[in-house]
Amino acid sequence: MYRRVLGAATAAALTLGLAGAAPAPLHRPAAPGVEVWVTTPDGAELLHRRPSVAFHPGASTRTTVTVDPTRTFQRMDGFGASVTDSSAAVLSALPPAERDAALRRLFDPAEGIGISMVRQPVGSSDFTAAAAHYTYDDVPAGQSDFTLSRFSIAHDEQQILPLLRRARSLNPELKVVATPWSPPAWMKTGDSLLEGKLKDDPAVYDAYARYLVKFVQAYAAAGVPVDYLTVQNEPQNRKPNAYPGTDLTAEQEEKVVEALGPLLAKASPRTRILGYDHNWATHPDDVRNTPPGEDPETDYPYRLLDSDAAEWLAGTAYHCYAGDPSAQSALHEAHPDKGIWFTECSGSHGPDDTAAQTFRGTLTWHARNLTVGATRNWAKSVLNWNIALDEHDGPHNGGCGTCTALLTVHGDGGVSTGAEYYTIGHLSKFVRPGAVRIASTSFGTPGWNGQLIDVAFTDPDGSTVLVVHNENDAPRDFAVAVGGQSFEYTLPGGALATFRWPKSAAPKADRREVPLTGATATARPAAADARAAIDADGSTRWSTGQAQAPGQYLQIDLGRRTAFDRIALDSGDNLGDYARSWRIESSEDGTAWHPLATGAGAGQLTTVDLPRSTRTRYLRITNTAAAPGWWSLADVRLYR
C-alpha cells in the first residue's frame with residue numbers, strides 16, 4: 001500500500017483518533033418510521049442513534065435527496081477490513097473476554113457494526129508481526145518445490161484462522177477475499193519476496209496457480225472458505241518499502257489467470273477471481289519506477305478485461321492511493337458485464353497531528369471517497385486495510401509506519417475505535433450482503449465541493465438505507481423524498497448519517513424515471529455546459545452565471561418523441577438558485593413551441609405534473625422573472 005497524503009481541506013493526514021463505545025444494538029424489525037444514526041467529526045456522536053423521524057405527504061423547499069427504488073444498480077457483497085498478521089497478533093494478545101468483546105464490536109450485526117467481508121493476505125504483507133516475511137511454501141535459497149510438498153498454512157492456524165472462524169460464527173454472512181503480496185521466492189527473479197518479477201516460465205505459472213488453489217482448499221478445510229481471490233496485490237508497485245511485492249505485468253497476470261481459472265473452477269467453484277487489485281489511477285511512483293523501455297501500463301485493468309483471461313475474471317479490484325472513484329464507473333461503462341470490488345484503503349497520520357484533527361480528516365475523506373464515493377461508482381464492497389493495530393500503528397515489517405485501523409489495542413489492554421470503524425460501520429451495520437444500490441440524487445463530490453453526498457440501498461428484507469455525508473463544515477438543512485412523501489433533517493457540519501426505514505414505512509414510487517440517454521441540451525446564456533443539467537449527476541450543473549432574467553432557458557432535444565407526465569427541475573444544493581417563475585414548452589421540430597405549464601418556484605426542487613398524454617421530442621424550460629441570484633439546474637428528470 002501507499003500512504004495517501006491529503007490536502008489542507010481535509011486535514012494534513014489521517015489517523016485513528018478517538019475512543020468510542022460500541023454502537024447501540026440494531027433492533028429488528030424496526031418500528032415504522034425512519035431510524036437515524038449519526039457520527040460527527042468532533043466525536044461527540046459516534047454511530048449515535050437519534051430520535052426517529054417520519055415521512056409526510058408533500059414536498060420541501062429545501063435541497064432534496066430524491067430516492068428512487070425503481071432504478072437499481074450493483075448488488076452488494078459486504079464491507080470490512082483485513083485481519084492481517086499484525087491485526088491477529090494484537091487481538092490475540094488480549095485476554096479471551098476482551099478479545100471476544102472486540103470481535104463482537106466488529107462482526108456482530110446487532111451488538112457491533114456487522115462487518116460482512118474481510119480481505120486476507122495470502123502469506124506475508126507489510127503488516128506482519130513476524131520478524132521475517134513468509135509464504136506458505138518457503139524453501140532455502142537456490143531450491144525450489146514445484147510439487148508443493150512443503151506447502152503449509154500452519155502459521156495461520158496459530159492466530160489468524162481462529163479469529164476468522166470466530167468472526168464467521170458472529171456473522172455467518174461473512175465473505176472472504178484473499179490476496180497474495182508475493183509468490184514464494186523460488187518462483188521469482190531475484191529469489192526474494194521483496195520486489196522482483198514472477199519468472200516467465202510455463203512451469204512457474206502452473207506452480208503458482210496450484211499454490212493459490214492449495215491455499216483456497218486449505219482455508220476451506222480450516223473452516224474459512226474463500227469467496228474471491230486476486231493473484232497479486234498492487235502488481236505495479238515495483239518498489240515496495242521493505243515488504244513483499246511483485247512487479248507483475250498485465251501480460252503475466254493474464255497468464256496466471258489462464259492457468260488458475262480452470263484449476264480453481266474444479267477445486268473450488270465458489271471462489272471467483274478478481275484482477276488488478278490496485279489504485280484508481282496508476283500511482284506516480286509506479287510510473288517513475290517502470291524499468292526503462294517498459295510500458296507503465298496505465299490502462300492495466302482494461303488490458304485484463306480485454307484479454308482472453310477475462311473469461312475467468314469476475315471483475316476487478318481497486319485501492320484508493322491514487323486517482324478517484326470515478327475510475328470505477330469508467331471501467332464499468334467499458335465492461336458492464338464485469339463486477340467491481342473496492343479492496344483496500346488505509347488512513348495515515350503525520351507526526352504532529354492531534355487526535356481531533358486526524359479523526360476529522362479520516363472521517364470526512366473516507367466518507368466521501370469510500371462510504372459514498374466507491375459505492376456510487378459501482379463498488380460491490382468497501383474494504384479498509386488493517387482491522388486492528390496497536391497504539392504505535394503496528395506491528396509492521398517494512399511498509400507503512402503511520403497506517404491506522406478500525407480498532408486500536410492499547411498497551412493497558414484497552415480497545416478504542418477510530419474513524420474508519422464508523423465510516424465502515426455506517427454501511428456494514430445496515431446494508432446487508434445482497435442489498436442492491438438504488439438511485440438517489442447526490443450533490444457532493446469525492447474531491448470536496450462542500451455539498452451533500454449520499455448513496456442509497458434496498459436491503460434483502462425490503463428496508464431502505466440512505467447514507468448521507470455533509471461535506472460542509474456548517475450544518476445543512478435538507479429533505480429526503482420518495483414518491484410523493486418527504487421528511488426534513490438538519491445534519492451537523494462534516495457529519496455522516498445513516499437513515500433506515502422498513503418496507504412497511506416506505507412511500508411507494510408512483511412513477512418511473514424516463515432515461516435521458518442520447519438526449520442533448522443547449523441553453524441561453526451558454527456560459528456553462530447545458531449537458532450538465534441532464535447527465536443524471538446532481539454534482540454537476542448548468543447555471544446562468546449571472547443574475548436571473550426573463551428569457552433565460554434550457555432546451556432539451558430528447559432525440560425522439562418521448563412520453564412523460566411529470567418533470568422535476570432540481571437546482572441541487574446551490575441554495576437559492578431556483579427560478580422564481582418559469583414556463584415549460586414542448587415542440588416537435590425545435591422551432592414551433594407550445595405551452596405545457598407555467599408556475600412559480602418555491603425551493604430547490606420543483607416538480608410539475610403534466611397531462612398524461614404529453615409526448616414530444618423537444619422541451620424548453622424558460623425563466624420568466626428577474627432575481628439577483630443565478631439560476632441553476634443540477635438535474636432535470638422526466639417521469640411517467
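In what order do the 4 strands of the open sheet containing β22 and β29 lie? I shall begin with that sheet, noting that the model under discussion is a predicted one.

The order is β22-β32-β26-β29, and the pairing is antiparallel. The edges of this open sheet are formed by β22, residues 513–514, and β29, residues 605–609, each of which pairs on one side only. Towards the β29 edge, strand β26, spanning residues 566–570, runs antiparallel to β29, and the two are joined by 5 bridges. Within that pairing, L569 has T606 of β29 as its bridge partner.

The UniProt record, an unreviewed entry, carries the annotation "domain: F5/8 type C" over residues 504–640. In the model, the span 504–640 is 0% helix and 44% strand. The C-alpha atoms at the two ends of that span lie 24 Å apart.

Let me turn to strand β21, which comprises residues 496–501. Of its 6 residues, 6 are buried. On one side of the strand we find L496, T498 and R500, and on the other A497, F499 and W501; every one of these is buried, and both faces are therefore covered, given that buried means under 20% relative accessible area.

Which strands pair with β21 in the antiparallel sense? One is β1, residues 34–39, which pairs with β21 over 5 bridges. Here V36 stands opposite F499. Another is β18, residues 464–470, whose antiparallel pairing with β21 extends over 6 bridges. In this case V467 is the residue opposite T498.

I come next to helix α10, residues 355–376. How does the distance between its ends compare with the expected span? With 22 residues at 1.5 Å a residue, the helix should span 32 Å; the end C-alpha atoms are 29 Å apart, and the two values therefore agree. The helix nevertheless contains a kink of about 45°, centred on A367. As to its surroundings, α10 is mostly covered, with 17 of its 22 residues buried. After the helix comes W378, which has a positive phi, near 80°.

A further open sheet has 3 strands in the order β13-β14-β15, and its pairing is mixed. Its edge strands are β13, residues 388–390, and β15, residues 415–417, each pairing on one side only. On average, and with direction ignored, neighbouring strands of this sheet are turned by 30° against each other. Strand β14, residues 407–409, runs antiparallel to β15, to which it is joined by 3 bridges. Opposite L407 in that pairing stands T417 of β15. Helix α1, residues 85–92, lies across β13 and β14 and runs at about 70° to β13.

My last item is a single loop residue, E311. Its place is in the loop between α8, residues 300–306, and β10, residues 313–319. Is E311 buried or exposed? Its relative accessibility is 61%, and because the threshold for exposed is over 50%, E311 counts as exposed. Along the chain, E311 and V257 are 54 residues apart, while their C-alpha atoms are separated by 9.3 Å.

To close, I would set two elements beside each other. Strand β21 has 6 of its 6 residues buried, and helix α10 has 17 of its 22 residues buried.

Notes:
Residues are numbered from 1 along each chain as its sequence is written. This is a predicted model: local features need pLDDT of at least 70, side-chain atom pairs count only at pLDDT 80 or more; totals for chains, interfaces and linings use all residues. Side-chain values use heavy atoms; hydrogens and water are left out. Buried means under 20% relative accessible area, exposed over 50%, partly exposed in between (1.4 Å probe, protein chains only). Two strands pair if DSSP finds at least two bridges between them. UniProt positions are given in the numbering used here, feature names are shortened, and annotations may be inferred rather than shown by experiment. The expected span of a helix is 1.5 Å times one less than its number of residues. The bend at a residue is the angle between axes fitted to the seven residues ending there and the seven starting there. Axes are lines fitted to C-alpha atoms, for helices over the stretch in contact, and angles run from 0 to 180 degrees between N-to-C directions. Contact means heavy atoms within 4.5 Å.
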